[in-house]
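This report describes one protein chain for a reader who has not met it before. Please look over the sequence and the structure before reading on.

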Amino acid sequence: MSDARPPESGSPGLVAGVTNPRALVLERFPIGLRGESAIQSAWRLSVASDEGPGAITRVEISQEETFYRGEGAFLGWRQEQMAATYLALLPKPEDDHFEMHQLG
């Protein structure tokens with residue numbers, strides 16, 4: 001697993017598709033990819049909303065290739081929609097309700 005830092009946060013704003021979204025935890029998350037023998041690390045943003053809990057996992061394959069995986073309230077969302085939501089909800093370190101977990 002790499003020691004990569006989380007991506008910089010975007011400007012918070014309204015998020016289409018969920019009501020009252022709140023970022024809960026940003027954590028490094030081990031993930032296996034098809035066709036790869038090694039386990040990689042990804043950033044997983046857990047979110048609470050009126051539609052229920054969910055998470056968006058950001059996986060960086062390379063500097064040029066990133067994809068997102070949605071769970072719960074974000075299951076089935078398009079890549080562009082998850083990317084925009086992830087950046088909008090990404091907590092700033094000074095937010096008092098947010099926790100950041102590191103593995104290893």
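At 22% relative accessibility, Glu-71 counts as partly exposed, whereas its salt-bridge partner Arg-44 is buried, with a relative accessible area of 16%. The cut-off explains the two labels, because buried means under 20% relative accessible area. The model is a predicted one.

**Overall layout**

The secondary structure consists of one helix and five strands. Along the sequence these elements follow the pattern β-β-β-β-α-β. The protein has 104 residues, and 38% of them are buried. Its accessible surface is about 6,500 Å², with 50% of that belonging to carbon and sulfur atoms. Among contacts with a separation of 6 or more, 52% are between residues 24 or more positions apart.

**Charged pairs**

Side chains of opposite charge can pair when their charged atoms come close. The model has five salt bridges. Three of them are listed below, each with its N to O distance.

| Salt bridge | N to O distance |
|---|---|
| Arg-44 and Glu-27 | 3.5 Å |
| Glu-71 and Arg-44 | 2.8 Å |
| Glu-60 and Arg-58 | 2.2 Å |

Arg-44 takes part in a salt bridge with Glu-27. Arg-44 lies in strand S2 (residues 39-48) and Glu-27 in strand S1 (residues 22-32), so this pair ties together parts that are 17 residues apart in sequence. Both Arg-44 and Glu-27 are buried. The salt bridge of Arg-44 with Glu-71 links distant parts of the chain, from strand S2 to strand S4 (residues 66-72), 27 residues apart.

The side chains of Glu-60 and Arg-58 also meet in a salt bridge. In this pair Glu-60 is partly exposed, at 37% relative accessibility, while Arg-58 is buried, with a relative accessible area of 14%. Elsewhere, salt bridges that share partners join Glu-27, Arg-44, Arg-69 and Glu-71 into one network.

Arg-44 also has an aromatic neighbour: the residue lies over the face of Phe-29, at 5.3 Å from the ring centre.

**Aromatic pairs**

A pair of aromatic rings is described by the distance of the centres and the angle of the planes. The count comes to two aromatic pairs. One of them is formed by Phe-74 and Trp-77, with 4.9 Å between the centres and 80° between the planes. This pair is edge-to-face, because planes over 60 degrees apart are put in that class. Both Phe-74 and Trp-77 are buried.

Which residues does Phe-74 contact, leaving aside its neighbours within four places in sequence? Phe-74 is in contact with Val-18, Val-47, Gly-54, Ala-55, Ile-56, Met-82 and Thr-85.

**Nonpolar core and helix**

In soluble globular proteins, nonpolar side chains tend to be buried together. The largest nonpolar core has 17 residues, of which Leu-26, Leu-45, Ile-56, Tyr-68, Phe-74 and Tyr-86 touch the most other members. S1, S2 and H1 are the elements that give two or more residues to this core. Five residues come from H1, and this is the largest share.

Helix H1 covers residues 79-89, and its buried residues are Met-82, Ala-83, Thr-85, Tyr-86, Ala-88 and Leu-89. The buried residues of H1 pack against S1, S2, strand S3 (54-60) and S4.

Notes: Residues are numbered from 1 along each chain as its sequence is written. This is a predicted model: local features need pLDDT of at least 70, side-chain atom pairs count only at pLDDT 80 or more; totals for chains, interfaces and linings use all residues. Side-chain values use heavy atoms; hydrogens and water are left out. Rings of Phe, Tyr and Trp (its six-membered ring) pair if their centres lie within 6.5 Å; planes under 30 degrees apart count as stacked, over 60 as edge-to-face and the rest as tilted. Buried means under 20% relative accessible area, exposed over 50%, partly exposed in between (1.4 Å probe, protein chains only). A charge sits over a ring if NZ of Lys or CZ of Arg is within 6 Å of the ring centre and within 35 degrees of the ring normal. A salt bridge is a side-chain nitrogen of Lys or Arg within 4 Å of a carboxyl oxygen of Asp or Glu. Helices (H or I, at least four residues) and strands (E, at least two) are DSSP runs, numbered from the N terminus. Contact means heavy atoms within 4.5 Å. Accessible areas come from the Shrake-Rupley method with a 1.4 Å probe; for residues, only the protein chains shown count as cover. A nonpolar core is a set of buried Ala, Val, Leu, Ile, Met, Phe, Trp, Tyr and Cys residues joined through side-chain atoms within 4.5 Å.
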